[in-house]
Amino acid sequence: MIVVPAMAYTIRELESLSGIRAHTIRIWEQRYHFLRPSRTPTNIRTYSGNELKTLLTVALLNKYGYRISRIDEMPEEERTKAILRLPQPDARIEFAVNTMIGFMADLDSAGLEAFLDAWITGNGLEQAVTTLIFRFMDKVGILWQTSRILPAQEHLVSCIIRQKIIAAIDKLPAVHNRKTRFV
C-alpha cells in the first residue's frame, strides 16, 4: 500500500485554480464557514484537498450568479445539485474539470476512470478531449508548475487519460479498402 502525504495548498495556489483573488478568499474565511484553513507555526494559511474542492464548487456557483451568503448556507450535497441544475454548458464542463481535480488529489483512479468512461460515452471521444481533458490538463499544468501535485498524481491521470483514448480508438471500426492493389 502506498501512503501519500496529505497535500497542503497555499492561498496563491487556490487563487490560481479557482480564479478567486486571495484577498476575497481571506474575507470569505472571516465571514463564512465553508473554509477553515490550517496554519503553519509561522501563521501561514494552508488548505487541504477538501478545502480546494469546496472552494472550486463555491467559486463556480458564485460565478454563475449565486450569492455567497446563500452558498454558505447550503450543505455540500446541495451545492453539487445546484451546479448540476445550472443551464450554462460551460458550468457543466467546469464542474467536470473540478471533479477530475478532486479525483486526482485523492488518487482515486477508480472514480476517475468511471467518470471519464461516462463522459466519453455521453459526449464522444473528440468532445471529451477538446472540451474536458484539455481544460483539465491546463489546471494540472498549473499545479505541476507550482509543485503542488506529486509526480504520482500527475502520472496517474496521464496514464488513465492515455488508456481511455487508446480504448476509444480501438472501438472504431476498421477501414477495409477493397480496391485492387498493384505493387
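## Exercises on a predicted model

Phe-103 is buried, and Phe-115 is buried too. Keep that pair in mind; we'll come back to the two rings. One thing to know before you start: this is a predicted model.

### Exercise 1: Get your bearings

Work out how many helices and strands the chain has, and in what order they run.

Solution. Start by counting: there are nine helices and two strands. Next, walk along from the N terminus, and you read α-α-β-β-α-α-α-α-α-α-α. Now put a box around the C-alpha atoms along the principal axes, and you get roughly 75 × 40 × 25 Å. Last, check how much is tucked away: of the 183 residues in the chain, 42% are buried.

### Exercise 2: Sort out two aromatic pairs

The structure holds four aromatic pairs. Take Trp-28 with Phe-34, then Phe-103 with Phe-115, and decide how the rings of each pair are set against each other.

Solution. Begin with Trp-28 and Phe-34: their ring centres are 5.8 Å apart and the planes stand at 70°. Planes over 60 degrees apart count as edge-to-face, so that is the label for this pair. Are the two residues buried or exposed? Trp-28 has 7% relative accessibility, so it counts as buried. Phe-34, at 9%, counts as buried as well.

Now go back to the pair from the start. Phe-103 and Phe-115 sit 6.0 Å apart, centre to centre, with 55° between the planes, and this pair is tilted. Where are they in the chain? Phe-103 belongs to helix H6 (residues 89-105) and Phe-115 to helix H7 (residues 109-123), so the pair ties together parts 12 residues apart in sequence.

To finish, look for a cluster: Trp-28, Tyr-32 and Phe-34 form one.

### Exercise 3: Follow three salt bridges

The count of salt bridges comes to seven. For Glu-15 with Arg-12, Asp-106 with Lys-53 and Asp-117 with Lys-164, find where the partners sit and how covered they are.

Solution. Take Glu-15 and Arg-12 to begin with. Their side chains meet at 2.9 Å, N to O. Both are in helix H1 (residues 11-18), and because they are three residues apart, about one helical turn separates them. Glu-15 is buried at 19% relative accessibility, since the cut-off for buried is under 20%. Arg-12, with 48%, is partly exposed.

On to Asp-106 and Lys-53, whose side chains meet at 2.5 Å, N to O. This pair links distant parts of the chain: Asp-106 is in the loop between H6 and H7, Lys-53 is in helix H3 (residues 49-63), and they are 53 residues apart. Asp-106 is partly exposed at 46% relative accessibility, and Lys-53 is partly exposed with 24%.

That leaves Asp-117 and Lys-164, with their closest N and O atoms 2.9 Å apart. Asp-117 is in helix H7 and Lys-164 in helix H9 (residues 151-170), so here the bridge ties together parts 47 residues apart in sequence. Asp-117 counts as partly exposed at 36% relative accessibility, while Lys-164 counts as buried at 11%. Which residues belong to the network around this bridge? Glu-113, Asp-117 and Lys-164 are joined into one network by salt bridges that share partners.

### Exercise 4: Weigh up the charges

Find how many positive and negative side chains the chain has, and how far apart the centres of the two sets lie.

Solution. Count each set: there are 24 positive side chains and 19 negative ones. Then compare their centres, which lie 4 Å apart.

Terms used. Residues are numbered from 1 along each chain as its sequence is written. This is a predicted model: local features need pLDDT of at least 70, side-chain atom pairs count only at pLDDT 80 or more; totals for chains, interfaces and linings use all residues. Side-chain values use heavy atoms; hydrogens and water are left out. Helices (H or I, at least four residues) and strands (E, at least two) are DSSP runs, numbered from the N terminus. Buried means under 20% relative accessible area, exposed over 50%, partly exposed in between (1.4 Å probe, protein chains only). Lys and Arg count as positive and Asp and Glu as negative; His and the chain ends are not counted. The place of a charge is taken as NZ of Lys, CZ of Arg, CG of Asp or CD of Glu. Rings of Phe, Tyr and Trp (its six-membered ring) pair if their centres lie within 6.5 Å; planes under 30 degrees apart count as stacked, over 60 as edge-to-face and the rest as tilted. A salt bridge is a side-chain nitrogen of Lys or Arg within 4 Å of a carboxyl oxygen of Asp or Glu.
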